[in-house]
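Got the viewer ready? Let's take a short walk through this structure, one selection at a time.

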Amino acid sequence: MIADIEESWKGVLKNEFEKDYFIKLTEFIKNEYATKIIYPPQSQIFSAFDYTSFHDVKVVIIGQDPYHGEGQANGLSFSVANYVKIPPSLRNIYKELKTDLGIEESVSGNLESWAKQGILLLNATLTVEASNAGSHQKKGWEEFTDTVIKLLSEEKQNIVFILWGSYAQKKGAKIDRTKHLVIETAHPSPLGAYRGFWESKPFSKTNEYLKSKNIQEINWKI
């Protein structure tokens with residue numbers, strides 16, 4: 001399962017791949033793909049890492065699970081494959097992007113262009129069974145992605161961590177805020193956006209921070 005992960009991540013996560021929990025997770029995932037419909041496609045499990053090397057990470061946006069509908073998930077948090085209807089949370093992200101930076105809402109929900117600029121679009125759980133939300137939670141993925149966040153916090157500096165909603169905020173609770181910027185707001189879901197997501201301006205705040213550290217700003221246009 002780890003054969004196709006980007007080389008810089010393979011290096012920093014080498015010890016993780018050898019731990020008992022990850023070996024068990026690998027066997028579980030292999031069996032799931034062999035016997036059920038699982039998303040994203042197996043080749044895209046580690047897309048977030050493949051698009052954004054460890055050395056290039058500027059921003060981390062933490063999601064929870066991949067989308068579990070047919071053809072949606074592409075391995076990047078909040079992102080969907082090309083030509084797929086834009087989900088409600090991503091639609092709200094686009095609306096806030098327009099309010100914040102005046103960027104018109106895209107007709108595409110594919111966030112690969114963000115990932116290629118150093119935005120790690122990281123889901124806490126990297127796989128899911130079709131039409132069965134949360135089905136691969138508590139199988140080992142959360143421990144793996146906790147380690148990813150810990151390594152980024154400890155070994156790098158001046159990263160912007162965007163934590164939308166209570167789940168992401170708990171996931172990022174141990175980020176070293178003396179070294180990084182942490183932006184925390186309500187989740188962009190229609191159920192929670194009114195609690196503080198609207199007009200939170202995460203995109204301009206991110207670019208202002210990156211600019212202050214002499215780091216290339218993000219072009220947020222899709």
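## A tour in five stops

**Stop one: the second largest pocket.** Before you start clicking, keep in mind that this is a predicted model. The second largest pocket holds about 250 Å³ of space. To see its walls, select D146, T147, I149, K150, S153, E154, K170, K171, G172, A173, K174 and I175. Now color helix α7, residues 141–155: α7 brings the largest share of this lining, six residues. Helix α8 supplies at least two residues as well. Try coloring by residue type, too: the lining splits into six charged, three polar and three nonpolar residues.

**Stop two: the largest pocket.** Next, go to the largest pocket, with about 540 Å³ of space. Its lining counts 34 residues, so many that a short selection helps. Pick Q64, D65, Y67, F78 and H187, which lie nearest the centre of this pocket. Then show β2 (59–63), α5 (88–101) and α8 (166–171), each of which supplies at least two residues of the lining. Which of the elements gives the most to this lining? It is α8, with three residues. By residue type, the lining of the largest pocket has 18 polar residues, 15 nonpolar and one charged.

**Stop three: two helices side by side.** Select helix α3, residues 20–35, and keep α7 on screen. The two pack at an angle of about 125°, and their axes are 9 Å apart. α3 and α7 are therefore oblique to each other. Turn the view until one helix lies in front of the other: α3 passes α7 in a left-handed crossing. For the contact itself, show the side chains of Y21, F22, L25 and I29 in α3, which meet W141, E143 and F144 in α7. Six residues of this contact are nonpolar, one is charged and none is polar.

**Stop four: a cis peptide bond.** Zoom in on Y39 and P40. What is the peptide bond from Y39 to P40, cis or trans? It is cis, with omega near -5°. If you want your bearings, P40 is in the loop between β1 (38–39) and α4 (47–51).

**Stop five: a serine with a positive phi.** Finally, select S131. You'll find S131 in the loop between β4 (128–129) and α7. Check its backbone: phi is positive, about 60°, although S131 is not a glycine.

Notes: Residues numbered from 1 in each chain as written. Predicted model: local features only at pLDDT ≥ 70, side-chain atom pairs only at ≥ 80, totals over all residues. Heavy atoms only, no water. 1 Å grid on protein atoms, 1.4 Å probe; cavity = no way out; pocket = protein on both sides within 12 Å on 5 of 7 lines; lining within 4 Å. Points joined across faces, edges and corners; volume = space filled by probe spheres on them. Helix = DSSP H or I, 4+ residues; strand = E, 2+ residues; numbered from the N terminus. Nonpolar A, V, L, I, M, F, W, Y, C, P; charged D, E, K, R; others polar. Axes fitted to C-alpha atoms, helices over the stretch in contact; angles between N-to-C directions. Parallel < 35°, antiparallel > 145°, perpendicular 65-115°, else oblique. Left-handed = near helix turned anticlockwise from the far one by under 90°. Contact = heavy atoms within 4.5 Å.
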